[in-house]
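Please look at the chain shown here and follow it from one helix to the core that lies inside the fold. The paragraphs are best read with the model open.

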Amino acid sequence: MKKPKYITDDSKMIAIAPSFGVTFSPYLERYKASIENLNELGYTFDEGNNVHLNVGLMASNTAKKRAEEFQKAYLDDKYDAIFSVGGGETMCEILPYIDFNKIKRSRPKWFIGYSDNTNLTFTLTTICDVESIYGPCLTTYYEKPLRLSEENVFKMLKGEKHFEGYPYYSKETNDKDDPFNRLNLTEKKEVISKNYTKPIEGILLGGCLDCLLTIVGTKFDKVKEFKKRHNEKIIWFLESCDLSLLGIRRGLFQLIESSWLTDCAAIIIGRENKNEYFDSGISKEECYSILDDLNVPILFDCDFGHIPPVLPIRCGAKCKITYKDQNIIMDYYD
């Protein structure tokens, strides 16, 4: 695996919009405040051409122009990190316009984003053997001081290797009347384990299940080749944005039957984005029972996904995961 270099005080970064742009409230206000805050902290950002656009189909621009923005940023060696400004719905459509061979030959750089950005965090790792960061987009870095998820992203970018889950999470997002309101951390976190007996080691791979299912079976599905190239078992990290529990179960069936999950080291599941029963009429236990035959350790309700605060995850990195006191502890290896 190729690991991008850690950022320094001299590092330059760029914001791009491979999915949604920031053109409406509260995301526009949060983005501007985030950039101002990070500038004050000494971080320098340029801005891609699509960041303030909303002319594509549920996207900042056409798929081709979004791909061009990403590729131009990635191939420019003055940047050490590329932040996505947001998630969205149609980012998968940029993949045919990206020259992954050029990306492979270029200097590796951090790409940071989550949700729809799975289409890049996952393919950069599985196609190009480059680590990426599955973590908060650039509209949530406005708090002073940075804390929780956003603080941990920059710790990770600077080389921190030890991360622990947070004791509480927010059941509801920020107050809609105040785009800069701090998270309402009222819910006690409890990671639940199944088949866990000792710390787990492997290469982290995964993202948003909604997006991964659009990649399975396409020409961008290089999981089989990735597993052959790397002599390490996979720790899959999976979460969902919009899927019902039945949708999740069907998606897991697809990953199983596509051999993605075969002989993996473990699976960690992010916090649910909806209530336990969603609209499916089945329980969470019934949903995930489809994984039973894999007979691997599974950790549920981990600190990543769409419910903040979230742990950033280095996709493609070797990691040791420890389950202790109903918490997840992640230690990365270089």
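What follows is a walk through a helix, a loop residue and the nonpolar core. The model is predicted, so local features need pLDDT of at least 70 and side-chain atom pairs count only at pLDDT 80 or more, while totals for chains, interfaces and linings use all residues. Residues are numbered from 1 along each chain as its sequence is written, and side-chain values use heavy atoms, with hydrogens and water left out.

Helix α1 (helices being DSSP runs of H or I of at least four residues, strands runs of E of at least two, numbered from the N terminus) has 14 residues and reaches 20 Å from its first C-alpha to its last, close to the 20 Å expected at 1.5 Å a residue, where the expected span is 1.5 Å times one less than the number of residues. Among its buried residues are Arg30, Tyr31, Ile35 and Leu38, buried meaning under 20% relative accessible area, exposed over 50% and partly exposed in between, with a 1.4 Å probe and protein chains only. The cover over the buried residues of α1 includes β1, β2 (44-47) and α5 (148-157), judged by contact, that is, heavy atoms within 4.5 Å. After α1 comes glycine 42, whose phi is positive, near 100°.

In the loop between β1 (12-16) and α1 (27-40) sits phenylalanine 24, which counts as partly exposed because its relative accessibility is 39%.

The largest nonpolar core (buried Ala, Val, Leu, Ile, Met, Phe, Trp, Tyr and Cys residues joined through side-chain atoms within 4.5 Å) has 106 residues, and Trp236 and Trp260 are among those with the most contacts inside it. Tryptophan 260 touches residues including Phe122, Asp221, Lys227 and Trp236, not counting residues up to four places away in sequence.
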